[in-house]
Amino acid sequence: THSIPTALDAPSARALSAALRRMPALRALELRHVTLSNASAAALFGAEGAAPGLRSLTIDSAHLAPTAARALAATGWRLEELDLFYNPKLGAAGLAALLAAPTFALRRLDLDYCGLDAAALLAVANAPWPLEELYLLQNDFSAAEAGPALVALSRHARLRKLVLDDCLLRAAGFKALVEATWPALTHLSTRGARVEFFGP
């Protein structure tokens, strides 16, 4: 269950942004159960020089849309950790916006419940980030294209933790996942994954 998010309106977002400009040493920011509209995201992320030291950002259950993701990608933050748990509006378009962020160097990425599909999964596999932990819980990877995309994730040579709990997977995709070569993986979780069998 998820608590009902509180809306962060644009004036409040501007006030928070102003506060961030006075926090040059801030390393981590968590916004949980706070809905961010596109206007609020623009107000929050649009201030130049806000929290230049930020390395970890959590935006949990915010109904983040692709337009808001583009604003986040343009902040100039050198994020190493990004937690976007339960933002089902993000989808492939929002992920594409994040991938275009010139300063992100993500080691830990949480995209649980983010409305991702096989194409988005392949985009994550091709991301230039030095990923070490990747969370993809409750996304739909049941398309045939998800199998090769899952294998492509193994290109991340530093990836040591991969979580695919409660995802929709084809049997062929699951087989491809476990038969791929993972040079650094020490933790793989597919708990509750719904594996659909099409043919043998």
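What radius of gyration would a compact globule with 200 residues have, and what does the protein have?

I looked this up at the start: for 200 residues a compact globule would be near 16 Å, and the protein has 17 Å, which agrees; the radius is taken over C-alpha atoms, and the globule rule is 2.2 Å times the number of residues to the power 0.38.

I noted that this is a predicted model, in which local features need pLDDT of at least 70 and side-chain atom pairs count only at pLDDT 80 or more, while totals for chains, interfaces and linings use all residues. Residues are numbered from 1 along each chain as its sequence is written, and side-chain values use heavy atoms, with hydrogens and water left out.

Next I turned to a sheet. I found three strands in an open, parallel sheet with the order β8-β10-β12, where strands are DSSP runs of E with at least two residues and helices are runs of H or I with at least four, and two strands pair if DSSP finds at least two bridges between them. β8 (140-141) and β12 (194-196) each have a single partner strand, so one side of each is left without a neighbour in the sheet. Helix α7 (residues 171-179) packs on the sheet, touching β10 and β12, with contact meaning heavy atoms within 4.5 Å.

Last, I looked up tryptophan 129, which lies in the loop between α5 (118-125) and β7 (133-135). Its relative accessible area is 5%, so I recorded tryptophan 129 as buried (under 20% relative accessible area, with a 1.4 Å probe and protein chains only). Leaving out residues up to four places away in sequence, I saw that tryptophan 129 touches several residues, including Leu98, Phe104 and His156.

Note on methods. Axes are lines fitted to C-alpha atoms, for helices over the stretch in contact, and angles run from 0 to 180 degrees between N-to-C directions. Buried means under 20% relative accessible area, exposed over 50%, partly exposed in between (1.4 Å probe, protein chains only).
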